[in-house]
Every structure is written in structure tokens, then in C-alpha cells.
Amino acid sequence: MLHAFAKYRQSFLIGLQSNLVYRMNFAVRGFFSLFHLAVVFILWGAAYSHNESIGGFSFGQTLTYFLVMLVMQFFVGAFNEDYQISEEIRSGLINQFILKPINYFSYRFSIFLAARLVTGALILIPLLVAVPLLKDYLTLPSEAWRYLLLTPAMMLSALIQFSIAYCFGMLTFWFLEIQGFVILSMAIESLLGGQMFPLDLLPAWIFHAAKFLPFYYQTYFPTAILTGRIEFAATIQGFGIQLLWVLVLLAVNQLLWTRGLRRHTAVGG
Amino acid sequence: MTKYFQIWLASARYSITRTLMFRFDFFLWALVELFWMGVNLLLISVIYEHTDSIAGWSKYEMLLLVGTSLLVQRFLMGFFWSSLFEMGRNIKSGAFDFFLAQPGNILFMASTRKLDLDGLCNSLVAMGVVAYAAHRLNLHPSALDLLLYAVMILCGLIIHYSMLVMTISLAFWITSAQGIEGSYFTLAEFSRLPREAFKGIASVLFVWLLPVVVVSNAPAQILLHGFQPVWVLALVAATFAWFGTAVFVFHRGLRRYASASS
């Protein structure tokens, strides 16, 4: 167990170094996310100008929701892990992992964690600009349970995010190009993951159905916990569904890996 | 000029042949773009479930604005996106040498190599959105208004192209432009907002300094309220300014290009 931990600790450290090389890219991305916040502020500010509340929430609460959602994406969201996996399969680099006593999923996951540590730290820089500007609007609930349950919800969200990216990466065993699938899924994720608007503003039946899909648990769930858009009982129920999705996705990952390897011709490398 | 048009036609022929070879890709990408357009339209629909007006714009006026913004973006996707997307990667890998060796304007050669038919097909959907919104608003634009609208869309396309060229040109300065092109989409988000929603510093920055708001608002205003000289002049001036800046930034970046790097 300790031996395995040491192995993936090394890949985590290598991941940390290789992601730090691209710190400028992440920093620029973080900087541009401030523009996204500006769009949110202007659009929702205009929508709230004739309404005290929308969907039962004030302007401040909605703005806080989008800010937390943004931070969540940098801390738990998959960026380009699917492309990296796809590239390793296509170029044959994956062959070395088949021959070595290393679990490819764990190896990639440790690199994913390192990448999120870097992007998570880098989003704090634009936050230093955004938070003082928006401090009059930002409002978080005070219940302690929200802060206690946030970390496990984020960890499970990260697992779901990575597992979905991993699944798309695995598709390279069957399809030469996965970019189309990835961007199609991004559209669905941005909608059903609550990045475009808080999901609770959807018609009740769609919102109810969305709770049973994995996208809900990618970023919306932890964001809703922290910003007070979900109550305690619903949070506990949410954890059950989130855990179930983690297990399902891990099983799908394993299935795609074993099935994919049967098709793999180990060219290159 | 004719030479460049012939080069562009040859690239277009190559792209059409390629699309016919990879039909599944074409359908998949057409679906991808359709979904993204749907997501943007759904956002408007959801907000208007809870309010009647955004900065004085009704639901269908807003739909017309978003449709116009999507139309410009679809043209950008169709005509330039793939080529410029590859440009960023080529700068990193050193494959950009190929364009430097060609006997023609480098920016033209690098920007027009590929056409995306899926983007162009979806521009028809965006036109449909604009037409539907105009129908719901009971608008009857004259032929001149429609012509001006088309010219404004062309100006918008040039501005969006310039913004994307500048974003991708960052690859000359930083190790990799991977993920950077996404920044363009962030800026493009502003073009789906009505001018009246911008106040104070936001108005100065996004309406006057960055042309993102004018790009969609100017053509939409023509359909909604007829010819408005201020909007037209603002957009034409912004087009020249931004295209000139993009060409300048690209050539400054080109000086830093050191062929194959990491």
C-alpha cells in the first residue's frame, strides 16, 4: 500500500512540475474568467433591475453562486485531461504503462490532482481582484454543516469530472478524433452542471430530472451546498446519488480500458 | 487579389472534399455547434421565465441580438476557426515554418487553409433565429436595412477575426497557446448583451475600448430601429482599428518565432 502510494506520489510531483511549466496559460485563463464574471454581473444585474428576487434568490446570492462556480471549476474541473489521454493512446505512449506495474487510471488521476492544485492556486490571483470589487454583493450562508460537507462533495466531484474526461480519452481506442465528443459533452455539462445559470431556475421537472444525472454532481452540487441553494436533507440524498455515479463511472472506466486494450495495436511509442 | 481568391477557392475545394470523406465528423461538429447555440438560447429563455425585460429589451429583441451575435460567430467558425486554431499549435510545434515558406501573405495563408462546413451550415440556423425573432417582433426591414445589416455582419466578422488572431498570436510569446483560444469565447460572451446593460466603467471598457458589444448591437439596432449613423460609423471605425491592430500584433509576434521549440 505504502509502496503504491510512493509510486503515485512521484507521478503527482512530476505532474506538478509539468503543470507549472504552463502556469502562464492557466493564469491567462484565470484572468479571462474575470471577464466571464463581468458578463454575469452585467447580464444578471440588468435582469435584477426590475426584480428583487429571481427564483427566490437575491442578486447578491446569484452573483456569489457564479463566483463560487468559477472557483469550483478551477479546483475540481477537468481541463484537457481527455486530450492528454487521447494523445497518449494515439501516439503509442500508453504502451509503456501496459508493460509497467502501474495502474494507468491512478497515474493519470495523480497528475490530474497536481494540475488542479496548480490551477486552484492560480485562480486565487484573479480572486484577489474580484472579491474586493464584489464584496458588497457576496453573501454566504452561515450553517456549519455546509462548510463541513463541502470538501467531501468537492472530492467526489473531482472524481466524477476526471472519470468523465477519462471515459472520453478512452474513446480514442475506437475513434481517431475525440474533440467533437468532448465539446459536445462540454455543452451538456455547462448546461446541466449549472455553469450557464443556477439549475434551480429551470422548470421544476427538468431540475428534478437533472438531479439524477452525473453533470449535476460535477460542479453544481458543491456550489449549491456552499451558496445555500440546497437544504440538508437534499444534500444527504445528493451524496448518495453522487457516490453512486462515482462507482458507475469507475466501472465504466475499467470496462473501456479493458475493452479498449483489446483493440489497441501498440503502434509507435 | 485574384491570385488570393484562387488560393482561397482551392482551399475551399480541399475542405469540401475532406468533409465528404469524413461525413461522421461533419455531422458531429454540426451537432456540437447546434448544441452550443441551443445552450445560449436556453439561457435567454430561462432568464425571461423570471423577468420581462433585460435593460429594456424584451425577450424577442434579446433573441434577435443573440441570434445576430451567433451569426457572426458561426461565420468565424466556418471561415477561420480551424485554421487559426491550428496556427497556435503550429507555432508551438514549429510546423508554422510551412506557412513562412509559402509565396504569399503569411496571415492570409495561415487563416484560410481550412473551411468548416458545419459552422457555415449552422449560420443558416442562426439566420433562422434572427428571422424568427424579427417575425415575432413584427419587423419589416427594407432592402436597404437588410443590406446594411449584411455589411455590419461582415464588419463584425472582421472584428471577431482580429480578436482571435490577437489571442492566438500570444503563442509567439508564451510556450503554448493551448487553452488560450478559449479566452476568445469569454470576450465573445459580451456580444450577447444589450448596450444599455453596460454602465460606468463597463461601458467604457466593453463598448468603447473593446468592440465586442458594438459588433452585435449595431446590426441588431438596424433591424429593430432602422439605419442609425452613429452605430454604423462606430462599427466601421472599430473594424479598421481592430484589423490594423491584429495585423500589427501578428507581425510583432512573428519576429519572435524561433521555429521548432518544445
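Which hand, left or right, does the crossing of α4(A) and α7(A) have? The tour reaches that crossing after a word on the model.

**Before selecting anything**

The structure on screen is a predicted model. Its scores are ipTM 0.83 and pTM 0.85. For chain B the average pLDDT is 87, and 96% of the residues score at least 70.

**First stop: two helices of chain A**

Select residues 81–91 of chain A, which form helix α4, together with residues 144–170 of chain A, which form helix α7. The axes of these helices lie 8 Å apart, and the packing angle is about 35 degrees. The crossing of α4(A) and α7(A) is right-handed. To view the contact itself, display Glu81(A), Asp82(A), Ile85(A) and Ser86(A) on the α4(A) side. On the α7(A) side, the partners are Phe162(A), Ala165(A), Tyr166(A), Phe168(A) and Gly169(A). By character, the residues of this contact comprise 5 nonpolar, 2 polar and 2 charged.

Remain with Phe162(A) for a moment. Leaving out residues up to four places away in sequence, Phe162(A) touches Ala78(A), Glu81(A), Phe109(A) and Phe112(A).

**Second stop: the largest nonpolar core**

Phe162(A) leads onward, being among the residues with the most contacts inside the largest nonpolar core. Select with it Ile42(A) and Leu43(A), and then Leu76(B), Met152(B) and Leu164(B), which complete that group. The core as a whole has 137 residues. Its largest share, 17 residues, is contributed by α3(B). In soluble globular proteins, nonpolar side chains tend to be buried together.

**Third stop: Leu71(B)**

Now select residues 59–93 of chain B, the helix α3 in which Leu71(B) is placed. Is Leu71(B) buried or exposed? Leu71(B) counts as buried because 26 C-beta neighbours lie inside 10 Å, and the cut-off for a buried residue is 20 or more. Apart from its neighbours within four places in sequence, Leu71(B) is in contact with Ser123(B), Ala126(B), Met127(B), Val130(B) and Ile153(B). Add Asn122(B) to the selection: this residue is 51 residues from Leu71(B) in sequence, while the C-alpha atoms of the two are 8.3 Å apart in space.

**Last stop: Tyr14(B)**

Finally, select residues 2–21 of chain B, helix α1, and locate Tyr14(B) within this helix. Tyr14(B) has 13 C-beta neighbours inside 10 Å and therefore counts as partly exposed. Lys114(B) is the residue to display beside Tyr14(B): the two are 100 residues apart in sequence, and 7.9 Å separates their C-alpha atoms.

Terms used:
Residues numbered from 1 in each chain as written. Chains lettered and ligands numbered in written order. Predicted model: local features only at pLDDT ≥ 70, side-chain atom pairs only at ≥ 80, totals over all residues. Helix = DSSP H or I, 4+ residues; strand = E, 2+ residues; numbered from the N terminus. Buried ≥ 20, exposed ≤ 12 C-beta atoms within 10 Å, placed from the backbone. Contact = placed C-beta atoms within 7 Å. Axes fitted to C-alpha atoms, helices over the stretch in contact; angles between N-to-C directions. Left-handed = near helix turned anticlockwise from the far one by under 90°. Nonpolar A, V, L, I, M, F, W, Y, C, P; charged D, E, K, R; others polar. pLDDT = per-residue confidence, 0-100. Core = buried A, V, L, I, M, F, W, Y, C linked by C-beta atoms within 7 Å.
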